[in-house]
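Biologist: Could you walk me through how you read a binding site in a model like this one?

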Amino acid sequence: MLNLILFGPPGAGKGTQSEKIIAKYNLIHLSTGDLLRSEIQAGTELGLKAKTLMDQGILVPDEVVIGMIDNKLKEHRDAAGFIFDGFPRTVKQAEALDNLLASYNEGISVMVALSVDDDELLARLLNRGKTSGRPDDQNEELIAKRIQEYNSKTKPVADYYQKQGKFVAINGIGEIDFIFGEISNAIEAA
Ligand code: ADP
């Protein structure tokens, strides 16, 4: 199996690159942000609780997203592999993911991290907010809060995979196809 984590701050281009990776490598896309937004749309209890936090730019509790990923892994036993997008976002989530995959005798193949500076992130997210309809993309303070959550809680996840020798950093600024080429190289070297 090819199990890839696409890592990076909000606005780094994970969604755009995910689509291209899925098409080329036939992976199942697991985006916790998308899964949470589906719960909100469906008006579930989980969705209602998550919305309050997401609307403030705060991470939802680890148990919630770990449970969602656990369900999806069970649903796709015959997959060629997975691309994890927006997950794991804390070291606790990373440990849980390693344990879940180990229970299937699987593991993470590689973490590909897209790096983009904070000014560019802010500009991209405000721009996305004009068309995405996402409430968390429409307010500068909220975007700053998300980047702050990323820097404090999520960045340590990179060190976690670096220690396992699975971390590859890629410049997330430039032509979409060029960046995709770099990601493909990292996947094929894994
Ligand atoms: P972005 O990366 O652009 O911020 P996402 O769609 O990945 O967007 O996430 C939107 C929001 O959903 C986050 O700000 C957070 O509140 C919540 N969320 C998504 N994934 C996770 C996760 N793995 N752990 C905790 N909260 C999450």
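Below, we go through the pocket, the ligand and two backbone details.

Modeller: Sure. Keep in mind that this is a predicted model.

Biologist: How do you look for empty space in the first place?

Modeller: Rolling a probe the size of a water molecule over the atoms shows where empty space is left. Here, the largest pocket comes out with a volume of about 1,000 Å³. Its lining is made up of 43 residues, and those nearest the centre are Pro10, Lys14, Arg37, Arg128 and Arg134.

Biologist: Which elements give two or more residues to that lining?

Modeller: Helix H1 (14-25), strand E2 (28-31), H2, helix H6 (118-132), helix H7 (140-154) and helix H9 (176-189). Sorted by class, the lining has 16 polar, 15 nonpolar and 12 charged residues.

Biologist: And where does the ligand sit?

Modeller: In the largest pocket. Around the ligand there are 19 residues, and Thr32, Arg37, Ile58, Gln93 and Arg128 come nearest.

Biologist: Which helix gives the largest share of that shell?

Modeller: Helix H2, residues 32-42, with 4 residues. As for chemistry, the shell around the ligand counts 8 nonpolar, 7 charged and 4 polar residues.

Biologist: How do I pick out polar contacts to the ligand?

Modeller: Look for pairs of N or O atoms within 3.5 Å. Two arginine side chains give you examples on ligand oxygen atoms: a polar side-chain atom of Arg128 is 2.9 Å from one oxygen atom, and a polar side-chain atom of Arg89 is 3.1 Å from an oxygen atom. The backbone takes part as well, with a polar backbone atom of Gly86 lying 3.0 Å from a nitrogen atom of the ligand.

Biologist: How much of the ligand's surface does the protein bury?

Modeller: Compare the ligand alone with the ligand in place. Taken alone, the ligand exposes 550 Å², and 97% of that is buried by the protein.

Biologist: Let's turn to the backbone. Where is there a cis peptide bond?

Modeller: Check omega. Between Phe87 and Pro88 omega is about -5°, and that peptide bond is cis. Pro88 belongs to the loop that runs between strand E3 (81-85) and helix H5 (91-102).

Biologist: What about phi? Which residue has a positive value although it is not a glycine?

Modeller: That's Asn26, with a phi of about 60°. You'll find Asn26 in the loop between H1 and E2, and both of those elements also give residues to the lining of the largest pocket.

How values were computed: Residues are numbered from 1 along each chain as its sequence is written. This is a predicted model: local features need pLDDT of at least 70, side-chain atom pairs count only at pLDDT 80 or more; totals for chains, interfaces and linings use all residues. Side-chain values use heavy atoms; hydrogens and water are left out. A residue is near a molecule or strand if one of its heavy atoms lies within 4 Å of it. A polar contact is a pair of N or O atoms within 3.5 Å; within protein, one must be able to donate a hydrogen and the other to accept it, and residues adjacent in sequence count only if both atoms are side-chain atoms. Accessible areas come from the Shrake-Rupley method with a 1.4 Å probe; for residues, only the protein chains shown count as cover. On a 1 Å grid over the protein atoms alone, a cavity is a set of points where a 1.4 Å probe fits but cannot get out, and a pocket is an open set with protein on both sides within 12 Å along at least five of seven lines; lining residues have an atom within 4 Å of a point. A molecule sits in a cavity or pocket if more than half of its atoms lie within 2 Å of its grid points. Ala, Val, Leu, Ile, Met, Phe, Trp, Tyr, Cys and Pro count as nonpolar, Asp, Glu, Lys and Arg as charged, and the others, Gly among them, as polar. Grid points are joined across faces, edges and corners, and a volume is the space filled by probe spheres set on the points.
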